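User: Please take a close look at one part of the model shown below. I would like a connected account of a single aromatic ring and its surroundings, followed outward from there.

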Amino acid sequence: MRRLSPAGRKALLTAHLATSLGWLGSDLTLLALGIAGLRGADPDVVYPAAALLVTWLFAPLSVAVWLIGTASALLTPWGLLRWRWVLVKFALTTVMLGLVLLLLTPRIRHLGALADTADAHLRVDLVVPPAISTTLLLVATVLSTHKPWGRIRRAGLPGSRRGGRPGPGAPPGPGGTRSRAAARAR
């Protein structure tokens, strides 16, 4: 697959950061609306506002984050299946996107339509899912920042390890050495 130029990678990264921050911000706004609704704010204002937010901002941003993140993984050297943290972040974002589109968005729209006639169980749905998704978005942020776990090992390649160095049982490299650095030093 074709890779992007450095300028293209920076543009894609900027778009991914902007949409991700927008998703996190709209998630926190939904959480604030949910807490306000539980604490006695006017349900005829809070819940229709939450329905508008989830329809026009939250759901579209979640789709944009997934699309831009997938494009970034496929079009940059990180790759989708090269690094464990990228794969975990992709899986996490995919599950969250499915939950947002299939469960949360219809539920919040329904809550917005009911407004003051909504029962307590439905009102809690505007607090618990945004709290969980905020936590998961922060986990994804930590993964992006710290990049833990190293590369995904490819099956069939003896000694493939993080950093491309051969493992302890791997045959010696060129010149009888076990590392590229030692081979270059000769």
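Which residue lies over the face of W85, and at what distance from the ring centre?

Analyst: K147 lies over the face of W85, 5.0 Å from the ring centre. A charge counts as sitting over a ring if NZ of Lys or CZ of Arg is within 6 Å of the ring centre and within 35 degrees of the ring normal. The model is predicted, so local features need pLDDT of at least 70 and side-chain atom pairs pLDDT 80 or more, while totals for chains, interfaces and linings use all residues. Residues are numbered from 1 along each chain as its sequence is written, and side-chain values use heavy atoms, without hydrogens or water.

K147 itself belongs to the loop between α5 and α6 (180-185); helices are DSSP runs of H or I with at least four residues, strands are runs of E with at least two, and both are numbered from the N terminus. With a relative accessible area of 29%, K147 is partly exposed, since buried means under 20%, exposed over 50%, and partly exposed in between (1.4 Å probe, protein chains only). The backbone at K147 is notable for a positive phi near 50 degrees in a residue other than glycine. Most residues other than glycine have a negative phi. A115, which is not a glycine, likewise has a positive phi, of about 50 degrees. A115 is placed in the loop between α3 and α4 (120-124), and A115 is buried, at 7% relative accessible area.

On the aromatic side, W85 forms one cluster with W78 and W83. Within this group, W78 and W83 make an edge-to-face pair, with 5.7 Å from centre to centre and 70 degrees between the planes. Rings of Phe, Tyr and Trp (its six-membered ring) pair if their centres lie within 6.5 Å; planes under 30 degrees apart are stacked, over 60 edge-to-face, and the rest tilted. The two partners differ in burial: W78 is partly exposed, at 35%, whereas W83 is buried, at 19%.

W85 also leads into the largest pocket, whose volume is about 780 Å³. Of the 30 residues in its lining, those closest to the centre are L13, H16, W85, K89 and S144. The elements that each give two or more residues to this lining are α1 (6-38), α2 (43-75), α3 (84-114) and α5 (128-146). The largest share, 10 residues, comes from α1. By class, the lining of the largest pocket holds 17 nonpolar, nine polar and four charged residues. On a 1 Å grid over the protein atoms alone, a pocket is an open set of points where a 1.4 Å probe fits, with protein on both sides within 12 Å along at least five of seven lines, and lining residues have an atom within 4 Å of a point.

The second largest pocket has a volume of about 280 Å³. Its lining includes F58, M96, R107, D125 and S133. Here α3 and α5 are the elements that give two or more residues, and α3 gives the most, with six. This lining divides into nine nonpolar residues, one polar and two charged.

F58, one of the residues lining the second largest pocket, connects that site to another of the four aromatic pairs in the structure. W23 and F58 are arranged edge-to-face, 6.4 Å centre to centre with 65 degrees between the planes. This pair links distant parts of the chain, with W23 in helix α1 and F58 in helix α2, 35 residues apart. Both partners are buried, W23 with a relative accessible area of 1% and F58 with 0%.

W23 and F58 also stand among the residues that touch the most other members of the largest nonpolar core, together with L30, I108, L111 and L126; this core has 24 residues. A nonpolar core joins buried Ala, Val, Leu, Ile, Met, Phe, Trp, Tyr and Cys residues through side-chain atoms within 4.5 Å. The helices α1, α2, α3 and α5 each give two or more residues to the core, and α2 gives the most, with nine.

In α3, P106 is a further feature of the helix. P106 is partly exposed, at 39% relative accessibility. The C-alpha atoms of P106 and A51 are 8.9 Å apart, although the two residues are 55 residues apart along the chain.

Technical notes
Points joined across faces, edges and corners; volume = space filled by probe spheres on them. Nonpolar A, V, L, I, M, F, W, Y, C, P; charged D, E, K, R; others polar.
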